[in-house]
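Hi everyone, thanks for coming. Please have a look at the structure with me, and we'll walk through a few spots together.

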Number of protein chains: 2
Amino acid sequence: MEKTPTVYDVAEMAGVSIATVSRYFRNPAAVRETTRERVREVVRELGYVPSGSARGLAARRTGTIGVCFPSFDDVAQIDARRLEGGPPVQVRVDADAHVDTGSDLYIAEVVRGTEIEAWRHGFAVMIAVPRGAAAHNVVEGLAGRVDGLVTLARAIDADQLAHIARRLPVVVVAGPREGDVYDHVTANNHGGMVALTDHLIDDHRLTRLEFVGGPEDSPDAQTRFEGFTEAMLLAGLGVPERPIARCDFTRAGGRETGRRLLAEGLLDDLDGLVCANDQSALGVLDELTAAGVRVPQDLAVTGFDGIEASNVATPRLTTVRQPMVELGRLAVAQVLHRLNEPMTEPTTRVLPVEVLLRDSCGPHAGDVA
Amino acid sequence: MEKTPTVYDVAEMAGVSIATVSRYFRNPAAVRETTRERVREVVRELGYVPSGSARGLAARRTGTIGVCFPSFDDVAQIDARRLEGGPPVQVRVDADAHVDTGSDLYIAEVVRGTEIEAWRHGFAVMIAVPRGAAAHNVVEGLAGRVDGLVTLARAIDADQLAHIARRLPVVVVAGPREGDVYDHVTANNHGGMVALTDHLIDDHRLTRLEFVGGPEDSPDAQTRFEGFTEAMLLAGLGVPERPIARCDFTRAGGRETGRRLLAEGLLDDLDGLVCANDQSALGVLDELTAAGVRVPQDLAVTGFDGIEASNVATPRLTTVRQPMVELGRLAVAQVLHRLNEPMTEPTTRVLPVEVLLRDSCGPHAGDVA
DNA sequence: TTGTAGGCGTTATCAG
DNA sequence: CTGATAACGCCTACAA
């Protein structure tokens, strides 16, 4: 790289002041056409690119929204994996359908939504995953570089969240928790789970249902469980005190759970397994299929989220679709809103969900339109 | 938000100089324990967060890597879609397995890789999608805010790429093009496609094969086509001049292509369809299945990329897995490397691929280990 | 329409 | 170990 040119270099070479160069970028209409032309020329010539840092400092805003989300990938494993080596092409029979890429579609979609909405408003998006020992630094660095922050549940610890929320608008993508003062954007987890459970009970006549939960500290997982129990209760069925098992929202975790439930014979007199999310449901499905349990004939299985994999799995997974892209969009919209209206009360927006009846809960004559 | 505190506020309240406050963050070891404690206290008290802009300006580096990628979502449609409305829960039978979320798993995985590698080096990642009329501004804004840039193929036009590459390291995730001066990171598209085609020819005895291409301007799609023709040529088979069809790498595009090929009877005396990527292969598969064409019995279909959906589709799609996460990681690693060694020759790194033999090309006795 | 000048909040160098 | 004090590159009244 050549020495990076600045406004001064451009101004000098174009024979104008730095103010004019600045105007050329911020408000071209305020610059005479001929002058504009001259500046344009020099900018090309020099390969000038305005410094975002300088601009951010002077304008007191970065034009960037931060997005923070948790990661389930194993740090140590990342470190270990080599970036190279091996033959250029390897051919193998891939008989096992159970690959876990570690990717999280739900997060990817929400992030995509944030990018879309940010773009619509001329903002950029900065992503960060607080993992490892330096997690706090990651978050602090992010907070210092953005005008507002969107965070998924459990990505930032409560203390630090409180700290940075004093400086910039924070919107949490997940249900609010007790005494929580942030803006929230969430899907109708409760209503979706009630409707899904009702369907299993009313339309499929299933009565012996159990719930496979998510992480203890996930408010969404908790809300879904409550929706499940409420539907059971209202139907006059036995209400489980707690999930029959918990897993970490990953497919691998779902498989592990599936194996355990099978091994312990916990599935023997059960009609259905309602899972807290798709990935774990798919993992459970993997193991059931491998063990010869037929879904949905022997056991119904349902998920939650509506990721693409749930739609192409065999059997296709009945689930509740969250509007993931919209969650991300709305979160950013809310950040932007609060940037303008800082002093209004914290709000919680609940987006509608869609119960998608597919094959893993049984056949559908014409249940619903 | 209260008035944002600065180093000056912290320094004054802690009874130290701003230099010490700065040290507290950059090099805590250089500050006496007792002083450190005092500063820490005030930082908490005030809710102080260092300004990334000011820091970036003073330090002449932002600690951020930019990642630029194309988008296939329709801008007008985005604008139109409402963010709210509708009933809180909707229940419907979802009989059609053919949903296209518009998400691109390939990109999501590459981005995940960039984030991981950036994190390993203490960098943040800023993402941007140049779409719409302001595409140039998006890219320029990004370029001004980062220390280096990773771009996927076709995200940035050649002129602008040349412009910003004068100011910061640029790494392109895709094969190099004629007379191209950037660093590149790519998968072994050619070798992977040759090996896959060889497999179809040698192990399945398929001879009448056609290629479903990608976008005209995709170097990767082009390279894959060349791999295909090379294998055909070496096997002494008829070599198509060009792809039998082209589509835009999306599942919807694949379906459209599938419909056209079916309608025009182009599939009638064919053994197999080699597609340029998974999404389009899945789309083609959707239509074939709907039309009663049995895969692989009537026609073999293969993909390229190795996204998760290819693994759970019915039939499971034979494909070539690109190391997507590694592509992203390596791209960032290369940006970082060039940040230190600016004057070395442009390099192209080709990462190994894996041909995954699954069900969509026919049964595998024990072809390969 | 254009120029002047005073910040914006850090980092980094150099004394002490 | 700590404190002054220049940069750093741009924005934005205010003036001309």
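Let's begin with a term: a polar contact is a pair of N or O atoms within 3.5 Å; within protein, one must be able to donate a hydrogen and the other to accept it, and residues adjacent in sequence count only if both atoms are side-chain atoms. Here is one: a polar atom of the Arg316(B) side chain lies 3.0 Å from the backbone oxygen of Asp94(A).

Before going on, this is a predicted model, where local features need pLDDT of at least 70 and side-chain atom pairs count only at pLDDT 80 or more, while totals for chains, interfaces and linings use all residues. Residues are numbered from 1 along each chain as its sequence is written, chains are lettered from A and ligands numbered from 1 in the order in which they are written, and side-chain values use heavy atoms, leaving out hydrogens and water.

Is Arg316(B) buried or exposed? With a relative accessible area of 10%, Arg316(B) is buried (under 20%; exposed is over 50%, partly exposed in between, with a 1.4 Å probe and protein chains only).

Now to DNA strand D. There are 26 residues around the strand, and Val7(A), Ser22(A), Tyr48(A), Arg23(B) and Thr35(B) come nearest (near means a heavy atom within 4 Å). Which parts of the strand's atoms within 4 Å of the protein are involved? Sugar or phosphate accounts for 60%, and bases for the rest. A phosphate oxygen sits 2.3 Å from a side-chain N or O atom of Tyr48(A), and another such pair, at 2.7 Å, involves Arg26(A). Ala58(B) has a polar backbone atom 3.4 Å from a base oxygen.
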